[in-house]
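Q: Got a minute to walk through this one with me? I'd like the layout and then a few details.

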Amino acid sequence: MDAVMQFFKQVYFGNSVQKYLFSVGIFLAGVVVLIIIEKLIFRKLRKAAEASETKTDDALLTTSEKTVVPLLYLGAFYIAVKQLQLAENVAKLVWSFAVIILTIQITRLIVAVAVNFLEQAWQKSGEAKLKVSKGIITLLRVGVWGLAVVFMLDNLGYNISAVVAGLGISGIAVALAAQTILGDLFNYFVILFDKPFQRGDFIIVGDMLGVVDHIGIKTTRIVSLWGEELVFSNSDLTSSRIKNYKKMERRRVLFKLGVIYQTSSEQLKKIPPAIKGIIEKVEDTVFDRVHFQGYGDFSLNIEIVYYVIGNDYTKYMDIQQKINLAIKDAFEKEGIEFAYPTQLIYTSKVNQPSS
């Protein structure tokens, strides 16, 4: 027994055998706990992720298993090693190892989450197959890994002031040189996440209109109703007032017609209820009002307002045509004439002097 106790008290490299065994015991206990957590908790999370319809939770769970779990094992190892009294160079080596692994795993986790978020956003906006997505993801990875390397070198004790200063000066120079490009890139993400419009939407920008065909990192392309392609920079679009008809649930229609001044009062009184009845019989319309609006230069003006359910322009024109034809038939039956520009010239006969 005394021999065993003496063995435990023997010191190697500044630590007793007992301390070494205690450190190993802490590490093994941590491993056992982590295995139990991994088997029980992650198994339940995996089942829940498989049962859900979205693929986001599956991707996040897979990423967590590849990054978070190794970090937990690293934590158990680091706690176990900290129980020992290590030489300065060995302690520095362990710290450096922990910093490097920690930086790599956390960076992998950040990149994976960011890439998954971007891919989900592209899929929802119909831009998942864009070639530019690979370029943006590459830029994202380079940027995040660059910051991670700077962070790692700083924690390893290297003087990175000159590096940071150089990066700052270079970044300012690049930003000034590529200010327009960076602005368009930033506004691309504004369009991507804020979704003022999406591919396939019919929009009006100023006096230009058409269907969105392509949303790129610098420009957005719109095919006009006349067939030509309109190219806008993303910065121009985000700073403009845009009318998006794709999101319009119903279209307000206001139109006017005029009848001649010879129309009698009785005929004029029949016009509003007649037009109201015509509009109410047309499917996918909501009648609002019809009024004898006023006296024009050569006509008695009638103003009509109704709504078309939906945003399809062709559907609106079909309904308007049906209403116009029905009004024409109704007016012909009542003997009501539409007005058109006319002028009446009054002349008087002047008596000529007799010779």
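**Overview**

A: The chain has 10 helices and 10 strands. Keep in mind that the model is predicted.

Q: What share of the 355 residues counts as buried?

A: Of the 355 residues, 30% count as buried. As for contacts with a separation of 6 or more, 61% are between residues 24 or more positions apart.

Q: OK, confidence. What's the average pLDDT?

A: The chain averages 79. A pLDDT of at least 70 is reached by 79% of the residues.

Q: Which element has the lowest confidence, and which the highest?

A: Helix α6, residues 161-177, is lowest, with a mean of 58. Strand β10, residues 300-309, is highest, at 95.

Q: And where does pLDDT stay under 50?

A: Over residues 128-132. The model has eight contacts for that stretch beyond four places in sequence.

Q: Switching to sheets. What's the strand order in the three-stranded one?

A: The order is β8-β10-β9. The sheet is open and the pairing is antiparallel.

Q: Which strands stand at the edges there?

A: β8 (250-259) and β9 (285-295). Each has a single partner strand, so one side of each has no neighbour in the sheet. On average, neighbouring strands are turned by 15° against each other, direction ignored.

Q: How many bridges join β9 to β10?

A: Nine, and the two strands run antiparallel. To pick one pair, V286 has Y307 in β10 as its bridge partner.

Q: Which helix packs on that sheet?

A: Helix α10, residues 313-334. It touches β8, β9 and β10, and its direction makes about 30° with that of β8.

Q: Now the five-stranded sheet. What order?

A: β6-β5-β4-β3-β7, open again, with antiparallel pairing. β6 (229-233) and β7 (242-244) are the edge strands. Each pairs with a single strand, so one side of each is left free of a sheet neighbour.

Q: How far are neighbouring strands turned against each other in this sheet?

A: By 40° on average, direction ignored.

Q: How many bridges between β3 and β4?

A: Four, linking residues 202-205 of β3 with residues 208-215 of β4 in the antiparallel sense. One pair is I203 with G210 of β4.

Q: On to the interior. Which residues touch the most other members of the largest nonpolar core?

A: I275, Y306 and I323, in a core of 22 residues. At least two residues each come from β8, α9 (265-281), β10 and α10. So β8 and β10 serve this core, and both also belong to the three-stranded sheet.

Q: What about another core?

A: There is one apart from it, with 12 residues. Among them are I191, F197, V212 and L230.

Q: Why would nonpolar side chains gather like that?

A: In soluble globular proteins, nonpolar side chains tend to be buried together.

Q: Last one, D201. Where is it?

A: In the loop between α7 (179-194) and β3.

Q: Buried or exposed?

A: Buried. Its relative accessibility is 4%, and the cut-off for buried is under 20%.

Q: What does the D201 side chain make a polar contact with?

A: The side chain of N244, at 3.1 Å.

Q: Which residues is D201 in contact with, leaving aside neighbours within four places in sequence?

A: G210, V211, V212, N244 and K246. V212 is also one of the residues in the 12-residue core, and G210 is the bridge partner of I203.

Technical notes:
Residues numbered from 1 in each chain as written. Predicted model: local features only at pLDDT ≥ 70, side-chain atom pairs only at ≥ 80, totals over all residues. Heavy atoms only, no water. pLDDT = per-residue confidence, 0-100. Contact = heavy atoms within 4.5 Å. Pairing = 2+ DSSP bridges. Axes fitted to C-alpha atoms, helices over the stretch in contact; angles between N-to-C directions. Core = buried A, V, L, I, M, F, W, Y, C linked by side-chain atoms within 4.5 Å. Buried < 20%, exposed > 50% of the residue type's maximum accessible area, 1.4 Å probe, protein only. Polar contact = N/O pair within 3.5 Å; in protein donor to acceptor, adjacent residues only side chain to side chain.
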